[in-house]
Amino acid sequence: MPVLVTIAAVSYLFGGSKDQASFLNPAGLRAKLEKLPEGSTRTEALVLADKLDLLAKKHEEATDATLSAYAADVERYTTTTDQLVDDFEPLDQIRAKVYRELIELRQALIDTLSPEEWDQVFG
């Protein structure tokens, strides 16, 4: 059941404690960014947190749709193994896109925050 393990791991991608700043936890990251002093840097960083939150929501929707398709197909006697594998193909593509966008958002935040602000958020 490596497919189910992969789905569980990917579904966990955006989880975590709200108090913890992490690119895998948009709410926790936003909470830490909101503690930065007001100004353009804080505003830009919060815009990036909004983008991260939207990315997480899109990922959740894609995961839910994939699991629904899989659940419907797996219960049918006539479903082939290839059809079940095909159910996960869109999620694989979305997951690769999510990882690239996470990396791009991280770089954008590095470009936005000073080293001291970075430490304040993640330290």
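Phe122 is partly exposed in this predicted model, with 26% of its relative accessible area showing. That places Phe122 between the cut-off for buried, under 20%, and the one for exposed, over 50%. The residue sits in helix α5, and so does Trp118, 4 residues away, or about one turn of the helix. Their rings also pair up: the centres are 4.5 Å apart and the planes meet at 40°, so this pair is tilted rather than stacked or edge-to-face. A third ring joins in, as Phe23, Trp118 and Phe122 form one aromatic cluster.

Trp118 and Phe122 turn up again where two helices meet. Helix α4 covers residues 81-112 and helix α5 covers residues 115-122; the two pack with their axes 8 Å apart, at an angle of about 125°. That angle makes α4 oblique to α5. On the α4 side, the contact is made by Arg106, Leu109, Ile110 and Thr112. On the α5 side, the contact comes from Glu117, Trp118 and Phe122. Sorted by class, the contact of α4 with α5 has 4 nonpolar residues, along with 1 polar and 2 charged ones. Leu109 and Ile110 of α4 are among the nonpolar residues, as are Trp118 and Phe122 of α5. The charged ones are Arg106 and Glu117, one from each helix, which leaves Thr112 as the polar one.

Back to the rings for a moment. A pair of aromatic rings is described by the distance of the centres and the angle of the planes. In total, the model has 4 aromatic pairs. One of them is Tyr70 with Phe88, whose ring centres are 5.0 Å apart and whose planes lie at 50°, so this pair is tilted as well. Here the two partners come from distant parts of the chain, 18 residues apart: Tyr70 belongs to helix α3 (residues 40-74), while Phe88 belongs to helix α4. Both rings belong to buried residues: Tyr70 has a relative accessibility of 16%, and Phe88 has a relative accessible area of 7%. Both values fall under 20%, so each residue counts as buried.

Helix α4 also holds Asp92. Is Asp92 buried or partly exposed? With a relative accessibility of 32%, Asp92 counts as partly exposed. Asp92 and Thr63 are 29 residues apart in sequence, and their C-alpha atoms are 9.8 Å apart in space.

Technical notes:
Residues numbered from 1 in each chain as written. Predicted model: local features only at pLDDT ≥ 70, side-chain atom pairs only at ≥ 80, totals over all residues. Heavy atoms only, no water. Axes fitted to C-alpha atoms, helices over the stretch in contact; angles between N-to-C directions. Parallel < 35°, antiparallel > 145°, perpendicular 65-115°, else oblique. Contact = heavy atoms within 4.5 Å. Buried < 20%, exposed > 50% of the residue type's maximum accessible area, 1.4 Å probe, protein only. Phe/Tyr/Trp six-rings, centres within 6.5 Å; stacked < 30°, edge-to-face > 60°.
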